[in-house]
Amino acid sequence: MILEKIETLLHEVSELTAQNAEEVEQLRLKYLSKKGEITALMADFRNVPAEDKKAVGMKINELKQVALAKINELKEQVETAEVTDNDMDLTCTAYPIALGTRHPLTIVKNEIIDIFSRMGFTLAEGPEVDDDLHVFTMLNFAADHPARDMQDTFFIEQHPNDVTKNMLLRSHTSGDQSHYMECHQPPIRIICPGRVYRNEAISARAHCFFHQVEGLYVDKNVSFTDLKQVLLTFAREMFGADTKIRLRPSYFPFTEPSAEMDISCHICGGKGCGFCKHTGWVEILGCGMVDPNVLEACGIDSSVYTGYAFGMGVERITNLKYRVSDLRMFSENDTRFLEEFTSAH
C-alpha cells in the first residue's frame with residue numbers, strides 16, 4: 001500500500017510546474033516541510049513489516065531526493081525568468097546595432113592635437129559665432145584693409161536693438177588666439193582646433209565650411225628658428241621620419257614675416273607625381289612670426305615678447321594621408337565611405 005503511494009507521489013513530483021517563486025514555495029511546503037507528504041510517509045513507515053523496511057526506506061529516500069531536485073529546478077527556472085523579464089529593454093531593436101566609427105576628420109584632428117600636445121601645447125577653443133573685433137581688428141585687419149577681401153565672410157543680420165555689433169561666422173580659428181591673448185599673459189603655447197565658414201561655392205575642392213587647427217607660441221626670445229623646428233617635428237610625426245619641409249615667403253595680416261610650408265610628397269618621395277603636380281612638394285599650412293600690432297592689440301608688450309603662429313586645414317591634411325579626392329565626401333555621411341576608416345583609430 002505504501003509503495004503504491006510512493007509511486008503516485010513520484011509521478012506527481014515529476015510533473016510539477018510553477019509560474020513564480022510563491023508557487024515554488026507552496027510546492028516545497030506541500031512535499032518537503034515537516035507537515036508535508038513525504039514526512040507523513042515516515043509515520044506510515046513504522047507499520048511496514050520488518051522484511052520490507054529496507055526496500056520501502058530506499059523508495060522514500062528516492063522520493064525525497066527527486067522532490068528536492070525538482071523544487072530546486074523550478075526555483076532556478078523562476079529566478080532566471082524574473083531576471084530576464086526585469087532586464088528586458090522593450091525599446092531595443094530586434095536586430096544587432098552596428099557600432100559606428102570615428103569620422104576621418106576627427107581621426108586626423110585628434111592626431112594633430114596629440115602631436116602638438118606632446119610638444120607642450122595646450123588646447124584652447126573659441127566661439128564659432130564671433131565678432132569683427134576678435135576675428136579681424138585685433139588681428140591687424142584695418143577696416144579698409146584689402147586683406148579683408150581674402151575671406152568671403154558670412155556676416156549675421158542682427159536686430160537694430162542688439163547691443164552686439166558686427167557678428168559673423170568665424171572665417172578662421174585665428175580669432176581664438178586673440179580671445180586667449182586678451183585674457184592671458186605669456187608664456188602662451190596653445191593649439192586651437194575648430195570649424196570655420198566662408199562663402200564659397202561648394203565643389204570637389206572647396207566647401208562653405210571646413211576645419212582648421214591654429215597654433216600660437218608667445219614668450220621671450222621666440223624666433224623663426226623655433227617655428228621651423230616645431231613644424232619640421234610635426235611634419236615628420238604626421239607623415240613619416242623621412243619627410244622634408246620648405247618655407248616659401250607669403251603674406252598674412254597677423255604675421256610678419258609670413259611663410260607657407262610645403263612637405264615633400266609622401267606618395268612619390270619627392271620625385272614628382274600627379275598628386276604633387278610633378279613638383280615633389282605639397283603645401284600644407286601657413287605660418288609666421290606674430291605681428292607686433294597683434295600683440296599690442298591683445299594687451300601684450302611687443303618690446304618684451306615675441307611669438308609665432310601657424311594654421312592648417314584639417315581636410316587638407318586628411319586628403320594627404322588618405323587621398324580623398326572630393327571634399328564633399330566629408331560631410332555627406334555616406335556610410336560606405338566612413339566604414340573605410342574603421343581601422344584608422
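These notebook entries record what I looked up in a predicted model.

**Entry 1. The seven-stranded sheet**

I began with the sheets. Seven strands make up an open sheet with mixed pairing, and their order is 1-5-6-10-9-8-7. I noted strand 1 (122-123) and strand 7 (245-252) as the edge strands, each of which pairs on one side only. I then followed strand 1 to its partner. Strand 1 pairs with strand 5 in the parallel sense, over two bridges. Within this pairing, Thr122 has Ile190 of strand 5 as its bridge partner.

**Entry 2. The three-stranded sheet**

I next looked up an open sheet of three strands, which has the order 2-4-3 and antiparallel pairing. Strand 2 (129-131) and strand 3 (154-155) each have a single partner strand, so each has one side without a neighbour in the sheet. I checked strand 3 against strand 4 (residues 167-169) and found an antiparallel pair joined by two bridges. Here Phe154 is placed opposite Leu169 of strand 4.

**Entry 3. Helix 5 against helix 10**

At what angle do helix 5 and helix 10 pack? I recorded an angle of about 100° for helix 5 and helix 10 (residues 314-322), with 9 Å between their axes. Angles of 65 to 115 degrees count as roughly perpendicular, and the two helices are therefore roughly perpendicular to each other. From helix 5, the contact is made by Pro104, Leu105, Ile107, Val108, Lys109, Glu111 and Ile112. Helix 10 contributes Val314, Glu315, Ile317, Thr318, Lys321 and Tyr322. By class, I listed eight nonpolar, one polar and four charged residues in this contact.

**Entry 4. The second largest pocket**

I stayed with helix 5 and turned to the second largest pocket, which holds about 180 Å³ of space. Which elements each supply at least two residues of its lining? I noted helix 5 (104-117) and strand 5 (188-197). The lining consists of 13 residues, and those nearest the centre of the pocket are Thr106, Lys109, Gly194, Arg195 and His211. Lys109 thus appears both in this lining and in the contact of helix 5 with helix 10. By class, the pocket lining has three nonpolar, five polar and five charged residues.

**Entry 5. The cavity**

How many cavities of 30 Å³ or more does a search of the whole structure find? I recorded one. The largest cavity contains about 40 Å³ of space. Its lining is made of Leu139, Gln177, Met181, Phe254, Thr255, Val290, Val294 and Ala309. I sorted this lining by class into six nonpolar and two polar residues, with no charged residues.

**Entry 6. Backbone details**

I closed with points of backbone geometry. Most residues other than glycine have a negative phi, and most peptide bonds are trans. Against this background I noted two cis bonds and one positive phi. The peptide bond from Pro186 to Pro187 is cis, and its omega is near 5°. I located Pro187 in the loop between helix 7 (174-183) and strand 5. Glu256 and Pro257 are likewise joined by a cis peptide bond, with omega about 0°. Pro257 lies in strand 8 (residues 255-264). Asn140 is not a glycine, yet has a positive phi of about 75°. I placed Asn140 in the loop between helix 6 (132-135) and strand 3.

Terms used
Residues are numbered from 1 along each chain as its sequence is written. This is a predicted model: local features need pLDDT of at least 70, side-chain atom pairs count only at pLDDT 80 or more; totals for chains, interfaces and linings use all residues. Side-chain values use heavy atoms; hydrogens and water are left out. On a 1 Å grid over the protein atoms alone, a cavity is a set of points where a 1.4 Å probe fits but cannot get out, and a pocket is an open set with protein on both sides within 12 Å along at least five of seven lines; lining residues have an atom within 4 Å of a point. Grid points are joined across faces, edges and corners, and a volume is the space filled by probe spheres set on the points. Helices (H or I, at least four residues) and strands (E, at least two) are DSSP runs, numbered from the N terminus. Ala, Val, Leu, Ile, Met, Phe, Trp, Tyr, Cys and Pro count as nonpolar, Asp, Glu, Lys and Arg as charged, and the others, Gly among them, as polar. Axes are lines fitted to C-alpha atoms, for helices over the stretch in contact, and angles run from 0 to 180 degrees between N-to-C directions. Angles under 35 degrees count as roughly parallel, over 145 as roughly antiparallel, 65 to 115 as roughly perpendicular and the rest as oblique. Contact means heavy atoms within 4.5 Å. Two strands pair if DSSP finds at least two bridges between them.
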